[in-house]
Amino acid sequence: MNRTDSPTTAPSVEDLASVFQVYQVRRDGDRLLYVGRPRVQPDAVERRLWDRFRESGYEISLEREYDTDADTPMPTHGWVLVARPHSVGIDGIPWTNILLALLTTASTLLVGAVQWYHVDLGANPLGVFRAWPFVAAVLGVLAVHELGHYVASRYHGVDASLPYFIPFPTLIGTMGAVIRMKGRIPDRKALFDIGASGPLAGLVATVVVSAIGLQLDPVVTQDAIAAGSDAPVVRFHNPLLLELIAAATGTLETLRSGTIHPVVFGGWVGMFITFLNLLPVGQLDGGHIVRALYGERQETIAAAVPAALFGLAGYLYFLQDVTNAVGIWVMWGLLATGLAYAGPATPIRDSPLDSKRTLLGVFTFVLGVLCFTPVPFELVT
């Protein structure tokens, strides 16, 4: 059900006069365009007028536009304050989200059946459904992570989409899930809550999934199937958090043996994705949290992330003679470079966070470190 804050009377030209000198007001569909020039620094216009427009049911952004005057041989830049009706929620049936969720379920079932349950689909096509616990674990963790972001966005009145799952039939059957932020973030408190809610919610689901999976009887392992064969086996290494969960549930020996139920791997996926999302760069969750904690100093921290990832890749390759994980960290080093260049999300207001959120931010990154393993997986022959 879509909810739109019905705009009341839009702010008048006089209401804006001390901050923005208006030359012209135009309407473009449901948007109002105030054409003019700022009377204060451009980056202060949105901050100064945000509350006034939000009270009237609008969300604003200050943009540049080209304006060609018949008497001017070259186009000149102008300013336009764009006011859009503030909308939060789902507009109609989210068919794209539903279709992607179904495709991702299918790809995860396929990979789970072949990779983890070792079903011969040629002989038993319906055997693909044996992998439903694996699918529930992997997609459940991803869904809870993204819904954490969605709920926090709704709480702060920021328009966001439902999760988009990404089907990809290799290793785990998906490239994860994302939500699309369509609204502006009002302050650093909202930015922090939206950024931290996903990893924290996802980790709760991860702990539950891991603890349940460790109590289930294992299926036949790849190692057993590949015994006496030259076929390579993918072996996943356990992050410290997974070992702590196993120790707390009395299943540490089982975990280290590698003879585990595929549901445990759903927890592993949640931890790996949590660590990557908490990299403090760009518009990743970690970038949101650090931007909320440290303001514009986040860009300095973000600049060090690619160097750290490339350094880790070099350390593993040259000093540890480990080649399997190098490509992962080089790829993420390149991705982090692009994210750092694109920059973080910028809230409208930039007031510092309270001490409780600061401590929660530190705790979130500690959990992220517990999800880290320098060699996530390797091929064993």
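At 26% relative accessibility, His-118 counts as partly exposed. In this predicted model, His-118 is placed in the loop that joins helix H3 (95–116) to helix H4 (132–155). Its backbone has a positive phi of about 55 degrees, although His-118 is not a glycine. A positive phi of about 55 degrees is also found at Asp-321, again a residue that is not a glycine. Asp-321 belongs to the loop between helix H11 (298–319) and helix H12 (326–342). With a relative accessibility of 65%, Asp-321 counts as exposed, because the cut-off for that class is over 50%.

The protein chain as a whole contains 13 helices and ten strands. Of its 381 residues, 47% are buried. The surface exposed by the chain comes to about 19100 Å², and 61% of this area is supplied by carbon and sulfur atoms. Among contacts with a separation of 6 or more, 69% are between residues 24 or more positions apart.

The two helices that flank the His-118 loop also pack against each other, with their axes 8 Å apart and an angle of about 125 degrees between them. H3 is therefore oblique to H4, since the angle falls short of the roughly antiparallel class, which takes values over 145 degrees. The crossing of this pair is right-handed. On the H3 side, the contact is formed by Thr-104, Thr-105, Thr-108, Leu-109, Gly-112 and Trp-116, and these residues meet Trp-132, Phe-134, Val-135 and Leu-139 of H4. Sorted by class, the contact of H3 with H4 holds six nonpolar and four polar residues, with no charged residue.

A second helix pair is formed by H7 (residues 240–248) and H9 (residues 262–277), whose axes come within 10 Å and cross at roughly 140 degrees. This angle makes H7 oblique to H9. As in the H3 and H4 pair, the crossing of H7 and H9 is right-handed. Leu-241, Leu-242 and Ile-245 are the H7 residues in the contact, and their partners in H9 are Val-264, Trp-268 and Met-271. The contact of H7 with H9 has six nonpolar residues and neither polar nor charged ones.

In a third pair, the axes of H5 and helix H13 (residues 355–370) come within 11 Å and cross at roughly 35 degrees. The crossing of H5 and H13 is left-handed. H5 contributes Lys-189, Phe-192, Asp-193, Pro-199, Leu-200 and Leu-203 to the contact, while H13 contributes Arg-357, Leu-360, Gly-361, Thr-364 and Leu-367. These residues divide into six nonpolar, two polar and three charged.

Pro-186 is located in the loop between strand S8 (174–178) and helix H5 (188–215). The relative accessible area of Pro-186 is 10%, so the residue is buried; the limit for this class is under 20%. Neighbours within four places in sequence aside, Pro-186 is in contact with Trp-50, His-156, Val-158, Pro-347, Ile-348 and Arg-349. The C-alpha atoms of Pro-186 and Thr-346 are 9.0 Å apart, although 160 residues separate the two in sequence.

His-288, in helix H10 (residues 285–294), is likewise buried, at 9% relative accessibility. When residues up to four places away in sequence are not counted, His-288 touches Leu-191, Gly-195, Gly-282, Gln-283 and Ala-345.

Tyr-164 is part of strand S7 (residues 164–167). At 22% relative accessibility, Tyr-164 counts as partly exposed, because buried residues are those under 20%. Between Tyr-164 and Gly-176, twelve residues apart in sequence, the C-alpha to C-alpha distance is 8.6 Å. Gly-176 is also one of the residues in contact with Tyr-164 once neighbours within four places in sequence are left aside; the others are Thr-96, Asn-97, Leu-100, Ala-177, Val-178 and Arg-180.

Terms used: Residues are numbered from 1 along each chain as its sequence is written. This is a predicted model: local features need pLDDT of at least 70, side-chain atom pairs count only at pLDDT 80 or more; totals for chains, interfaces and linings use all residues. Side-chain values use heavy atoms; hydrogens and water are left out. Axes are lines fitted to C-alpha atoms, for helices over the stretch in contact, and angles run from 0 to 180 degrees between N-to-C directions. Helices (H or I, at least four residues) and strands (E, at least two) are DSSP runs, numbered from the N terminus. Angles under 35 degrees count as roughly parallel, over 145 as roughly antiparallel, 65 to 115 as roughly perpendicular and the rest as oblique. A crossing is left-handed if the near helix is turned anticlockwise from the far one by less than a right angle, and right-handed if clockwise. Contact means heavy atoms within 4.5 Å. Ala, Val, Leu, Ile, Met, Phe, Trp, Tyr, Cys and Pro count as nonpolar, Asp, Glu, Lys and Arg as charged, and the others, Gly among them, as polar. Buried means under 20% relative accessible area, exposed over 50%, partly exposed in between (1.4 Å probe, protein chains only). Accessible areas come from the Shrake-Rupley method with a 1.4 Å probe; for residues, only the protein chains shown count as cover.
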